[in-house]
Amino acid sequence: MSALPTIRTATDAVAANAMVLSGLHKSYGPTVALQNVDLSIAAGEVHALLGENGAGKSTLVKILTGAITPDGGSMELYGQPYRPASILAARAGGVCTAFQELSLLPNLTVAQNLALPSQPTRRLLGLVDRRRAEERARALLAEFHLDAIDPRATVASLSLANRQRVEIARALSFRPRVLVLDEPSAVQASTDWLFERIARVTATGTAVLYVSHRLNEIRQLCRHGTVLRSGASMATVAIGEVDDAGIFELMVGRHQVARRQDAAATVVRTGTPRLRVSGLSAGKVEAASFSLHAGEILGVAGLDGQGQRDLFDALFGLQRKRAGTIEIDGQEKDVSSPTRAMRADVSIALVPEERKTEGIFPYLSVKDNIALASPASMGRGGVVLRERQLRHVKSVAGKVDLQDRYLDFDINDLSGGNQQKALLARVLVCGARTLLLFDPTRGVDVGTKESIYATIQEFASEGGSVLLYSSELSELIRLCDRCLVVYAGRIVADLPKAEIDETHLLAAATGHALHHRMAA
Ligand SMILES: Nc1ncnc2c1ncn2[C@@H]1O[C@H](COP(=O)(O)OP(=O)(O)OP(=O)(O)O)[C@@H](O)[C@H]1O
Ligand SMILES: [Mg+2]
């Protein structure tokens, strides 16, 4: 968002290889997750790992860090054979990770998490050790410029972005020689903190493997990158020498589909709004008022933790409101639980921020997860999908680029981005008239984002209403008919289409609103 630090790497010097992977294989039952993967990372380099959802990136990360073992192939760490049997063994060798699905324990404090894995024995949770853990955590947080985070806070009480920062700080605290970051910026609009940490750690010769779907970040950080397609390493490229289309082609084996023509803003905001929120206070949100019409895509922009999450949760009955009213089609409604939000006369569905804890139903298949929210699917013994419903599920899954072959998977076995697609498919299947989409393309690959944008626009053009929060300004600029900006719990701007640009969004999001044009 603001100026980025210059990233210097040590690759100009002798590019000793920190890590060399040769011919790696990994299968999960019939699913081949990795096949014949070759990859070398030079010391002091930030090396990108690219590939569409399900390409095998996280699987590779898990192998490097000892969470799983490969079926075949070999690895070298600074010239020595490397085959970690556990995360601890990898860490002892100097390979540390911040995982895509964070590995912190939510009910423990930041200090306790930073002290793991010497935790959590009963003795260590005693008073003396707690104080020592807190002191150490405070020192670490200060070193990594995270002084604003309280070491005594539970991880669950932190925003997702801060949890992700603590996850990264924990990996850094082990002083890695190889640092693996799996989508470390997925929830951040601002990458300054992260890029600064990476610059520091590479300056000491540490190699970084950087997994991301954001090509702009990769271009700023990485000189080289390796592209995975269906588990195979397609090529290692000099990032500066390939354009985005070239990278996309390596990822999926075809040219990027031409950008679909975005629908012109033709929303006529007349009549009774589909949703009218008046004086809503809930969690961090204070006195929020706005309305959303049928056919409209209303954006919500804000820096991390300004109350946007509480706003979405309150509208879906996950967060209790202190004050205010919610009207649907001109009638005040009780939206005090998700069940009420989903009732036919309210008809609101949510894609939540956290898929692991509040999104997916683990141990159910992908198709059952998608069909679950539509009442017709519930039989006496649980989920019963009739042929017609299954066809519907398939066609909607297709709209968000979720391949048919994944529908029978246990949802736990899907890659992060594919789980996100399943959540989106679920709200589209359930037939709700209003969709609350909280960062719906988090972790989703570049090609799929285009399909998702088209699907959201189609939903709106057919009369649906959408409230869309995104951590990517470009997404709001592209899709929204109007955009609210939240700052410190308040809606500080309500921008018309013509003013949804970076300048206006950033000014408002940092509390320097150029306009205070509030809609009633
Ligand atoms: N425990 C598991 N059991 C079965 N299949 C699995 C398991 N874990 C991953 N897979 C499959 O392995 C393949 C690779 O998944 P992986 O998580 O490595 O993808 P990814 O490149 O990280 O994708 P994303 O960008 O969505 O995070 C996918 O087809 C996935 O469904
Ligand atoms: Mg992944």
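Which backbone atom of aspartate 413 lies close to an oxygen atom of ligand 1, and at what distance? A backbone N or O atom of aspartate 413 lies 2.8 Å from an oxygen atom of ligand 1. This is a polar contact, that is, a pair of N or O atoms within 3.5 Å. Two side chains join in: a polar atom of serine 415 lies 2.7 Å from a ligand oxygen atom, and one of histidine 213 lies 2.9 Å from a ligand oxygen atom. Taken alone, ligand 1 exposes 640 Å², of which the protein buries 90% (Shrake-Rupley method, 1.4 Å probe).

The model is predicted, with pLDDT of at least 70 required for local features and 80 or more for side-chain atom pairs, while totals for chains, interfaces and linings use all residues. Side-chain values use heavy atoms, without hydrogens and water, residues are numbered from 1 along each chain as written, and chains are lettered from A and ligands numbered from 1 in written order.

Around ligand 1 there are 22 residues, and Lys57, Thr59, Asp413, Ser415 and Gly417 come nearest (a heavy atom within 4 Å counts as near). Strand 2 (31-42), helix 1 (57-64) and helix 14 each supply at least two residues of this shell (DSSP runs: H or I of at least four residues, E of at least two).

Turning to the interior, the largest nonpolar core has 51 residues (buried nonpolar residues joined through side-chain atoms within 4.5 Å; buried means under 20% relative accessible area, 1.4 Å probe). Helix 14 (residues 416-429) gives the largest share of this core, seven residues. A second, separate core of 46 residues includes Val46, Ala137, Ile168 and Val242.

Definitions and conventions. Buried means under 20% relative accessible area, exposed over 50%, partly exposed in between (1.4 Å probe, protein chains only). A polar contact is a pair of N or O atoms within 3.5 Å; within protein, one must be able to donate a hydrogen and the other to accept it, and residues adjacent in sequence count only if both atoms are side-chain atoms.
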